[in-house]
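Reader: I should be grateful for a close look at the enclosed empty space in this model. Please set out what surrounds it, and place it in the context of the chain.

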Amino acid sequence: MDYPAFLHHGATNGVTGSCHQLQMDAQHSLLIDCGLFQGAETSSEGRAGADRLAIEFPLDTIKALVATHVHIDHVGRIPYLLAAGFKGPILCSEPSAKLLPIVLEDAFKLGFSRDQKQVERYLKLIEQRIIALPYKTWFTLQDTPSLTCRIRLQRAGHILGSAYVEIDLHYHQTGEKKRIVFSGDLGAPHAPLLPAPKPPYLADILVIESTYGDRLHEDRRSRRQRLESVIEQALADNGTVLIPAFSIGRTQELLYELEDIIHRKKLNAALNPPLPSGEGLGVREGGVRGKTNNDKADINWPQLPIILDSPLASRFTRVYRELKPFWDKEALQRLKRGRNPLDFEQLLAVDSHQAHEAMVRHLVETARPAIVIAANGMCSGGRIANYLKAMLHDSRHNVLFVGYQAQGTPGRDIQTYGGRPGGYVDLDGQRYEIGAKVHTIGGYSAHADQKGLLGFVTRMRQWPSQVRIVHGETGAKRELAERIKAQYRQAERNVEVVIPNGADE
Ligand SMILES: [Zn+2]
């Protein structure tokens with residue numbers, strides 16, 4: 001066997017369950033991420049979910065786990081990895097080290113036990129294993145007569161704490177040196193709150209994600225305007241806007257954008273009080289079909305409740321607030337001007353399950369204008385499912401998707417069948433008709449698009465000679481592969497593009 005070698009245990013046939021093993025030599029390997037499968041990938045082969053949770057590969061050579069970021073499809077199987085006997089350290093960035101115990105506590109409660117003593121013991125174990133690495137700093141993981149391995153994390157701009165991983169291998173017997181880069185999930189430029197990722201200086205081998213390998217995002221400005229018009233249109237229906245969102249990342253981005261929209265609305269109202277007739281507000285550019293000024297005049301933005309119905313998301317939001325040194329310049333500037341991007345007046349956090357049930361009832365009965373953000377992002381569970389069950393049939397309400405919906409998830413079904421006659425979705429084995437309007441803001445993604453992914457490769461000083469494409473649906477991987485090859489051809493360089501276990505391998 002030639003080293004380094006790669007084993008991809010997940011995220012080869014889809015976008016979830018990321019788990020890659022870098023075999024450095026016969027005795028030493030590293031694991032990059034250990035994520036949970038979601039959606040169709042949990043059942044596509046007719047296997048029960050629990051089978052996919054178990055760790056099926058030998059652990060004896062694995063010296064450490066590197067967690068690129070704390071999304072559940074990258075770290076959700078860590079409890080199973082520990083249960084299988086993994087004894088090594090968990091390396092991650094400093095912000096991830098704060099977020100990871102919260103994520104793993106939740107995963108442990110869902111998969112193992114809610115017994116407080118067991119949870120605490122488990123959390124202690126996790127905290128002992130975590131090694132927080134500062135960004136941009138080399139860390140020597142292994143130094144033996146035959147092999148030196150150092151790793152360095154760089155900001156990936158995807159969610160707070162996200163990193164791409166640079167790994168330097170030095171084989172002393174042959175003198176050979178290799179730099180391997182794992183992209184993890186890469187953020188889009190102009191994502192709220194976080195600085196855009198800078199590509200690495202060089203790589204010999206790059207393992208890159210491809211979630212949006214076949215798509216381009218809208219720019220930031222039009223995206224915020226679309227968010228604003230979709231919400232205005234939805235609120236004009238005199239109902240609730242339901243936004244399914246993942247607790248980490250997307251929720252905080254949404255809060256950040258909503259605070260900005262509300263801030264602008266307040267400024268606008270102060271500068272241009274509406275004429276008595278309700279006219280004169282002007283139609284915004286990128287306006288919504290069939291809308292009139294009168295519809296908008298009724299929305300009382302300063303009083304509009306933004307309901308964050310997720311104790312987990314609230315915990316993450318608190319950590320996001322604490323970790324201001326990792327925010328981007330724009331966010332810090334807003335703070336300086338006395339604004340609170342993640343903690344504003346209308347923000348209402350719903351904590352207990354009782355309060356959650358009361359909120360669902362209240363919104364069903366009153367259909368009052370409100371924005372609800374609840375997890376999970378693909379509607380496969382969590383509190384959003386209770387809102388959907390109670391409200392999806394009612395045409396006054398609106399569902400707004402701002403994130404990627406994997407195949408086989410209820411979210412993807414609502415997206416596909418919403419607005420079609422007789423459209424329905426199965427939630428917990430029950431059929432629910434979709435009467436609510438369904439919107440998608442595609443450009444609102446925490447992932448780099450095709451241009452961003454290509455730039456990550458071609459803006460390196462020294463382009464990789466091998467690119468391994470993972471973490472995307474088949475079409476996205478193929479198209480990204482073609483684009484990468486074309487760029488290399490144009491630059492008269494050689495590359496081997498590998499799609500591990502892909503349909504066209
Ligand atoms: Zn992610």
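**Cavities in the predicted model**

Author: In this predicted model, 74% of the chain's contacts with a separation of 6 or more join residues that lie 24 or more positions apart. The chain contains 15 helices and 21 strands, and 56% of its 505 residues are buried. Its exposed surface comes to about 22,000 Å², of which carbon and sulfur atoms supply 48%.

I turn now to the enclosed space. Rolling a probe the size of a water molecule over the atoms reveals where empty space remains. The structure has 3 cavities of 30 Å³ or more, and the largest holds about 70 Å³ of space. Its lining is formed by 14 residues, those closest to the centre being S18, H20, S183, G184 and V470. By class, the lining of the largest cavity comprises 7 polar, 4 nonpolar and 3 charged residues.

The second largest cavity encloses about 40 Å³. Around this second largest cavity stand Y135, R155, G157, I159, L160, G161, S162, L194 and P195. The classes in this lining of the second largest cavity are 5 nonpolar, 3 polar and 1 charged.

Two cysteines may be added to the account of the interior. C92 is buried, because its relative accessible area is 0%, under the 20% limit. C149 likewise counts as buried, because its relative accessibility is 0%. A disulfide is a covalent bond between the sulfur atoms of two cysteines; the count of disulfides for this model is 0.

Technical notes. Residues are numbered from 1 along each chain as its sequence is written. This is a predicted model: local features need pLDDT of at least 70, side-chain atom pairs count only at pLDDT 80 or more; totals for chains, interfaces and linings use all residues. Side-chain values use heavy atoms; hydrogens and water are left out. Helices (H or I, at least four residues) and strands (E, at least two) are DSSP runs, numbered from the N terminus. Buried means under 20% relative accessible area, exposed over 50%, partly exposed in between (1.4 Å probe, protein chains only). Contact means heavy atoms within 4.5 Å. Accessible areas come from the Shrake-Rupley method with a 1.4 Å probe; for residues, only the protein chains shown count as cover. A disulfide is a pair of cysteine sulfur atoms within 2.5 Å. On a 1 Å grid over the protein atoms alone, a cavity is a set of points where a 1.4 Å probe fits but cannot get out, and a pocket is an open set with protein on both sides within 12 Å along at least five of seven lines; lining residues have an atom within 4 Å of a point. Grid points are joined across faces, edges and corners, and a volume is the space filled by probe spheres set on the points. Ala, Val, Leu, Ile, Met, Phe, Trp, Tyr, Cys and Pro count as nonpolar, Asp, Glu, Lys and Arg as charged, and the others, Gly among them, as polar.
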